[in-house]
Amino acid sequence: MPDLSRKIAIVTGGGFGIGEGIAMVLSEYGATVVIAESNEKNGVHVEKILQERFGRGMFIQTDVSISKQVNAMVENVVSKFGKIDILVNNAGVNFVKPTLEMKEEDWDKVINVDLKGTFLCSQAALRHMVKQKKGSIINIASVHTYATLPSAAPYAAAKGGVECMTKSMAIEFGPMGIRINTVSPGLTDTKIWQDIKKAGRNERVVEDFWMKHIPLKRVQTTEEVGKVVAFLSSDDSSYITGANIFTDGGMTCMLIGENKQAVATLDDWKDKH
């Protein structure tokens with residue numbers, strides 16, 4: 001088990017889903033976790049769980065696409081705890097819409113949160129990590145960094161950009177003792193997965209379709225993503241930087257060439273969103 005005792009971690013978008021799972025695992029392994037979340041209700045809820053379960057953790061309402069809010073959040077963390085050891089850029093949004101129906105604001109929404117937000121939070125945290133000469137940043141991307149699906153252009157662009165940005169920053173800040181990596185989850189048991197199943201004409205058919213393309217034959221838990229993040233946050237991964245680790249049950253081994261079959265499933269989802 002990675003030892004994150006006395007580590008201070010920021011998890012963006014930590015109020016639900018994968019972000020919440022990451023926050024719980026990091027806390028279980030000893031870290032004090034700050035939830036940077038735009039949804040106040042979700043952020044307060046997770047903060048309460050962290051306090052009850054681990055006796056530590058806090059929520060700071062933050063829109064990661066707004067630099068003023070990001071900088072204020074980071075300064076708040078440094079002022080309270082004196083440092084930032086770990087930054088997990090998890091905040092993200094997504095939707096499925098045909099490219100010719102997409103509006104400029106659709107593109108901007110995804111890019112501003114998923115890509116720009118990752119940059120702004122990294123930049124703000126790096127200012128302090130450089131002074132410390134140590135730190136670990138983990139950017140949550142997606143299997144879309146490797147293979148994608150129709151009608152997901154902004155999300156694919158954003159997540160592909162996150163991976164390339166990770167590599168560039170890893171090279172730039174490696175000599176300063178800072179490691180920066182990407183984690184790319186596949187299907188995960190979150191509300192999005194439940195919505196995908198419910199949107200189909202038959203939940204069992206949708207689930208069977210996806211299981212055919214996951215060698216491990218199941219959807220991962222948010223905590224499983226969290227454990228990979230914890231490893232990359234700890235000294236156990238001291239020689240890993242610039243990497244993109246897929247937590248996808250082997251999905252990307254089979255995803256190429258299946259786009260045509262996936263269209264029907266995605267169309268079912270689009271019809272109801």
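This passage looks at one helix, one buried asparagine and the cysteines of a predicted model.

Helix H8 covers residues 222–233, twelve residues in total. From its first C-alpha to its last it reaches 16 Å, close to the 16 Å expected at 1.5 Å a residue. Quite a list of H8 residues turns out to be buried: Thr222, Val225, Gly226, Val228, Val229, Ala230, Leu232 and Ser233. And what do these buried residues pack against? Their partners are helix H1 (17–28) plus four strands, namely E4 (86–89), E5 (135–140), E6 (178–185) and E7 (244–247).

Strand E5 is also home to asparagine 139. This residue is tucked away, with a relative accessible area of 1%, so it counts as buried. Its side chain has polar company, though: a polar contact of 2.8 Å links it to the side chain of asparagine 89, and another of 2.8 Å links it to the side chain of threonine 166. Setting aside neighbours within four places in sequence, asparagine 139 is in contact with Asn89, Thr118, Ser122, Val162, Thr166, Ile180, Asn181, Thr182 and Val183.

Now for the cysteines. A disulfide is a covalent bond between the sulfur atoms of two cysteines. How many disulfides does the model have? With a cut-off of 2.5 Å between sulfur atoms, the count is zero. Take cysteine 164: the closest cysteine sulfur belongs to cysteine 121, and it sits 19 Å away, so that is too far for a bond. Cysteine 164 is exposed, at 51% relative accessible area, and cysteine 253 is exposed too, at 68%.

Technical notes: Residues are numbered from 1 along each chain as its sequence is written. This is a predicted model: local features need pLDDT of at least 70, side-chain atom pairs count only at pLDDT 80 or more; totals for chains, interfaces and linings use all residues. Side-chain values use heavy atoms; hydrogens and water are left out. Helices (H or I, at least four residues) and strands (E, at least two) are DSSP runs, numbered from the N terminus. The expected span of a helix is 1.5 Å times one less than its number of residues. Buried means under 20% relative accessible area, exposed over 50%, partly exposed in between (1.4 Å probe, protein chains only). Contact means heavy atoms within 4.5 Å. A polar contact is a pair of N or O atoms within 3.5 Å; within protein, one must be able to donate a hydrogen and the other to accept it, and residues adjacent in sequence count only if both atoms are side-chain atoms.
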